[in-house]
Amino acid sequence: MSPFRSLDRACIWACLAVVSIGARTGAEEEPKGIVSFRKEQNQLIVTVDRKPVATYVFRDENISRPYFAHVKAPGGQQVTRNHPPLKDIDRTDHDTMHPGIWLAFGDLDGEDFWRNKARIVHQGFADPPDQPAGTGGFFEEKHYLRPDGSLLCKERFRCFLHVLDNAYLLEWDSTFTSDSEFYFGDQEEMGLGVRVTTAISEVERGRLSDSEGRAGAGKIWSQAADWCDYSGVVGDERIGMTIMCHPDNFRPSWFHARDYGFVAANPFGRKAMQKGDLSKLIVKPGENLRLRYGILIHSSPKDQPLDLKAAYGDYLKFCSIQKFLGDR
């Protein structure tokens, strides 16, 4: 029997099992909750055990691309900045460019999708096939439109949520195609970005760290790593988000890291990141470009930081399961 249950044919199959970060025993555990995706006007409400953990906004009058907002860690603490930013609580910079978690490009065939000058348009959701216990998700098709409304390329977005003991792992898988040649250019503002809650930004009481042992935005900016974490202590909890790069991406990602609460994984901006000559990645008709990332949304007691190296290994294990099942 499939572990999934049909909720809304427009978009979702979902299930979960709880898995320990770094666990290696392979012992099965009984499901301890339910992941649900509820479709409302222009958005999906993501819940775990009926408690909201994120909102996926697929249409927005002010932001011309889909994004995740109001993302919470398992303890209920919000890890993304309020959207829109609250004047007396948040830094209010980049209010329409940094909504929470998003994928966008400052130069895609000469068009700027990062600064909302061109549009990424939701086309529809599709049901994913049955998945192993511990996985829930949705598929989406997006069209990238030039300012004149013509089609530049298409994206097939495959998103899966894994529920762990003390984290959610968001598996991000995007494939880009077109009937015409197009290219990804070279800028800082390219790739998968997150904006953390102001309380854990480095200008407050947070900290950036990466898989290579670097710490702080100044040392991490422009450097490549397997993962980059932005976290800090709020009350008795250490909360944060970790961007994890899949090793099969076309090249490693450099991290565009800022102390005010922003970090992005950028595999395109070679010159912008001061790592070599100008990059221009051309995708020809009949070819595709696939980008895969994980976002670990985590919470733990303030004196017990997570083993992020082990968590990265778990992310790769989840991806291996998907590969075993075959590209969908």
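A cavity, as the word is used here, is a set of grid points where a 1.4 Å probe fits but cannot get out. Run over the whole of this predicted model, a search on that basis turns up 1 cavity of 30 Å³ or more. Its volume comes to about 110 Å³. Of the 15 residues that line this cavity, Val-46, Ala-54, Leu-161, Leu-170 and Ile-297 are the closest to its centre. Three elements give two or more residues each to the lining, namely strand 5 (51-57), strand 10 (151-163) and strand 11 (167-177). Strand 10 gives the most, with 3 residues. As for chemistry, the lining splits into 13 nonpolar residues, 1 polar and 1 charged.

Next come the cysteines. The structure holds 0 disulfides. What about the setting of Cys-153, buried or exposed? Cys-153 has a relative accessible area of just 1%, and since anything under 20% counts as buried, it is buried. Cys-319, at 4%, falls under that cut-off too and is therefore buried.

Aromatic rings give plenty to look at. The count comes to 24 aromatic pairs. One of them is Phe-105 with Phe-176, an edge-to-face pair with 5.6 Å centre to centre and 80 degrees between the planes. This pair links distant parts of the chain, with Phe-105 in strand 7 (residues 101-105) and Phe-176 in strand 11, 71 residues apart. Both Phe-105 and Phe-176 are buried.

Another pair brings together Phe-125 and Phe-138. Why does this pair count as edge-to-face? The ring centres of Phe-125 and Phe-138 are 5.4 Å apart and the planes meet at 85 degrees, and because an angle over 60 degrees is called edge-to-face, the label follows. Here the link runs from Phe-125 in strand 8 (residues 119-126) to Phe-138 in strand 9 (residues 136-145), 13 residues apart. Phe-125 has a relative accessibility of 13%, so it counts as buried, and Phe-138, at 0%, counts as buried as well. Phe-125 and Phe-138 also belong to a cluster linked by ring pairs, together with Phe-37, Tyr-56, Phe-58, Phe-68, Phe-157 and Trp-172.

Rings have charged partners too. The charged end of Lys-142 sits over the ring of Phe-157, 4.4 Å from the ring centre, and Phe-157 is one of the cluster members just listed. Elsewhere, Arg-65 lies over the face of Trp-114, at 6.0 Å from the ring centre.

The backbone has a few oddities worth a look. A cis peptide bond joins His-83 and Pro-84, with omega at about -5 degrees. Pro-84 is placed in the loop between strand 6 (67-69) and strand 7. Two residues that are not glycines have a positive phi: Arg-50, at about 70 degrees, and Asn-116, at about 65 degrees. Arg-50 is in the loop between strand 4 (43-48) and strand 5, while Asn-116 lies in the loop between strand 7 and strand 8. Arg-50 has a relative accessibility of 82%, and because the cut-off for exposed is over 50%, it counts as exposed.

Finally, two contacts between residues far apart in sequence. Thr-177 is part of strand 11, one of the strands that line the cavity. Between Thr-177 and Glu-287 there are 6.6 Å from C-alpha to C-alpha, although they are 110 residues apart in sequence. Is Thr-177 buried, exposed or partly exposed? With a relative accessible area of 31%, it falls between the limits of 20% and 50%, so it is partly exposed. Gly-313, in helix 2 (residues 308-325), also counts as partly exposed, in this case because its relative accessibility is 23%. The C-alpha atoms of Gly-313 and Met-244 are separated by 9.9 Å, with their positions 69 residues apart along the chain.

Terms used: Residues numbered from 1 in each chain as written. Predicted model: local features only at pLDDT ≥ 70, side-chain atom pairs only at ≥ 80, totals over all residues. Heavy atoms only, no water. 1 Å grid on protein atoms, 1.4 Å probe; cavity = no way out; pocket = protein on both sides within 12 Å on 5 of 7 lines; lining within 4 Å. Points joined across faces, edges and corners; volume = space filled by probe spheres on them. Helix = DSSP H or I, 4+ residues; strand = E, 2+ residues; numbered from the N terminus. Nonpolar A, V, L, I, M, F, W, Y, C, P; charged D, E, K, R; others polar. Disulfide = S-S within 2.5 Å. Buried < 20%, exposed > 50% of the residue type's maximum accessible area, 1.4 Å probe, protein only. Phe/Tyr/Trp six-rings, centres within 6.5 Å; stacked < 30°, edge-to-face > 60°. Lys NZ or Arg CZ within 6 Å of the ring centre and 35° of its normal.
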